[in-house]
Amino acid sequence: MSQELFDKANGVLEEIKNSAPAKPEEIEQFRITYLGSKNIIKPLFAEIRNVDNDRKKEYGQLLNTLKTTAEEKLLSFKSTQSSDASQGGMKLDLTAPGESFPVGSRHPISIVLNEIIEIFTKIGFTVAEDREIEDDWHNFTAMNTPEDHPARDMQDTFYLKNSTEMLLRTHTSSVQSRVMTSQKPPIRIIAPGRVFRNETISSRSHCQFHQVEGLYVDENVSFADMKQTLLYFARSLYGKDTKIRLRPSYFPFTEPSAEMDVYWGLEDENAYRITKGTGWLEIMGCGMVDPAVLENCGIDSEKYTGFAFGMGIERQAMLKYRINDIRLLFENDLRFLQQFTTAG
Ligand code: DAH
């Protein structure tokens, strides 16, 4: 008789061990069968009186194991169930590949700007930044463009409401006067930043854009130093065989002044169009810092000379990425911005 009861109890234990309810109804059924008020283990307890005395203890232990195994199983089924529920009812697959987070990309202006900064910091320039809301003196007067100077017409200025004194800087050249009035030579800076002009917005011009200014002031700085620095820059940005040329020009703050072109070629229709059939593309304005500017900023123009340059960033970005409308650079349309990679 004893052995029969042992076999029966062991059979139930096997059953419990092998059961794997997944759905909530199946788990409930498991609970009712093995742990409910009319569970199938209870009658086995009642049978204990029929077990031989010398095996009663063993039998009791077996039934206890049955009960605790059923309890443990139930707990584990329930916890899988609740974590599954928190996964939206789906089974958690730990071997599934992770989901990647959407990573932003840099704005094309930032990409080009960073490239330019890197090129100049390699040869000892440091980055200087200053305010976008500027006073008339730092933007114009110090830069040898006093009131009534015809060159003020070159840049249509946004003044602050009710002010003839405060304005949105029209060029990053204002950082030149900020730096020269607060630092002593040698000065070697580049100043990237946003500038503003009251221009009609079109595919080619905007009322806000970015420039990088460069300034080098020290003893014995020559035009040849400028030319070599700008050649190094052009070759770093456009490729080692890039050709440049300097054309005489006019800016109030430099004397002599020049504009620098890079040779773009005439290989396709687009190159023909953007270079107006010459193959040359204007990249920046530059020149030797006018002694009057040095003096305005408290630098001895007998002792020191310098060169300066300034260029627009949108232009470079548009050339690099073949963007045909400047407005795209300010609209923050993700479908446009997602096309640019940091590596670019
Ligand atoms: N500030 C000029 C502009 O916005 C660009 C420029 C020309 C800057 C010559 C310079 C320079 O530093 O030397 O058009």
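## A walk through the salt bridges, loops and patches

Counting salt bridges across this predicted model gives 12 of them. We'll visit a few, then move on to some backbone oddities and two patches on the surface.

**Stop 1: a pair inside.** Select Arg178 and Asp135. These two make a salt bridge, and their closest N and O atoms sit 3.3 Å apart. Now colour the chain by secondary structure: Arg178 belongs to helix H7 (residues 173–180), while Asp135 belongs to strand S2 (residues 133–135), so the bridge ties together distant parts of the chain, 43 residues apart. Are the two partners buried or exposed? Arg178 has a relative accessible area of 15%, so it counts as buried. Asp135 is buried as well, at 16%.

**Zoom out for a moment.** Show the whole chain as a cartoon. You should find 12 helices and 9 strands. How does the radius of gyration of the chain compare with that of a compact globule of 344 residues? Such a globule would come out near 20 Å, but this chain has 40 Å. Along the principal axes, the C-alpha atoms fill a box of roughly 120 × 50 × 40 Å. Of the 344 residues, 42% count as buried.

**Stop 2: a pair outside.** Next, pick Lys240 and Asp241. Their side chains meet in a salt bridge, with 3.8 Å from N to O. Lys240 is exposed, and Asp241 is too.

**Stop 3: a network across two strands.** Move along to Arg247 and Glu259. Here is another salt bridge, with the closest N and O atoms 3.6 Å apart. Arg247 is in strand S6 (residues 244–251) and Glu259 is in strand S7 (residues 254–263), so this pair links distant parts of the chain, 12 residues apart. The accessibility of Arg247 is 28%, which makes this residue partly exposed. Glu259 is buried, with a relative accessible area of 16%. Now add Arg245 and Asp261 to your selection: through salt bridges with shared partners, Arg245, Arg247, Glu259 and Asp261 join into one network.

**Stop 4: two cis peptide bonds.** Stay in strand S7, where you'll find Pro256. Show the backbone atoms: the peptide bond from Glu255 to Pro256 is cis, with omega near -5°. For another cis bond, select Pro185 and Pro186; the bond from Pro185 to Pro186 has omega near 0°. Where is Pro186? Look in the loop between H7 and strand S4 (187–196).

**Stop 5: two positive phi angles.** Select Asn162. This residue is not a glycine, yet its phi is positive, about 60°. You'll see Asn162 in the loop between helix H6 (136–141) and strand S3 (166–168). With 83% relative accessible area, Asn162 is exposed.

Then jump to Arg322, also not a glycine, which has a positive phi of about 55°. Arg322 sits in the loop between helix H11 (313–321) and helix H12 (334–337). Its relative accessible area is 62%, so Arg322 is exposed.

**Stop 6: a nonpolar patch.** Turn on the surface and go back to the loop between H6 and S3, this time to find Leu160. Which residues form a nonpolar patch with Leu160? Select Ile133 and Met166 alongside Leu160: the three make up the patch, with about 220 Å² of accessible area together. Leu160 is partly exposed, at 30% relative accessibility.

**Stop 7: a positive patch.** For the last stop, select Arg204, Arg273, Lys276 and Arg315, which form a positive patch on the surface. Where along the chain is Lys276? Lys276 is in the loop between helix H9 (269–274) and strand S8 (280–289). With a relative accessibility of 73%, Lys276 counts as exposed.

Key. Residues numbered from 1 in each chain as written. Predicted model: local features only at pLDDT ≥ 70, side-chain atom pairs only at ≥ 80, totals over all residues. Heavy atoms only, no water. Patch = residues over 30% accessible without salt bridge, like charges linked within 9 Å, V, L, I, M, F, W, Y side chains within 5 Å. Areas by Shrake-Rupley, 256 points an atom, 1.4 Å probe, with all protein chains shown as cover. Salt bridge = Lys/Arg side-chain N within 4 Å of Asp/Glu carboxyl O. Lys, Arg positive; Asp, Glu negative; His and termini not counted. Charge placed at Lys NZ, Arg CZ, Asp CG, Glu CD. Helix = DSSP H or I, 4+ residues; strand = E, 2+ residues; numbered from the N terminus. Buried < 20%, exposed > 50% of the residue type's maximum accessible area, 1.4 Å probe, protein only. Rg over C-alpha atoms; globule rule 2.2 N^0.38 Å.
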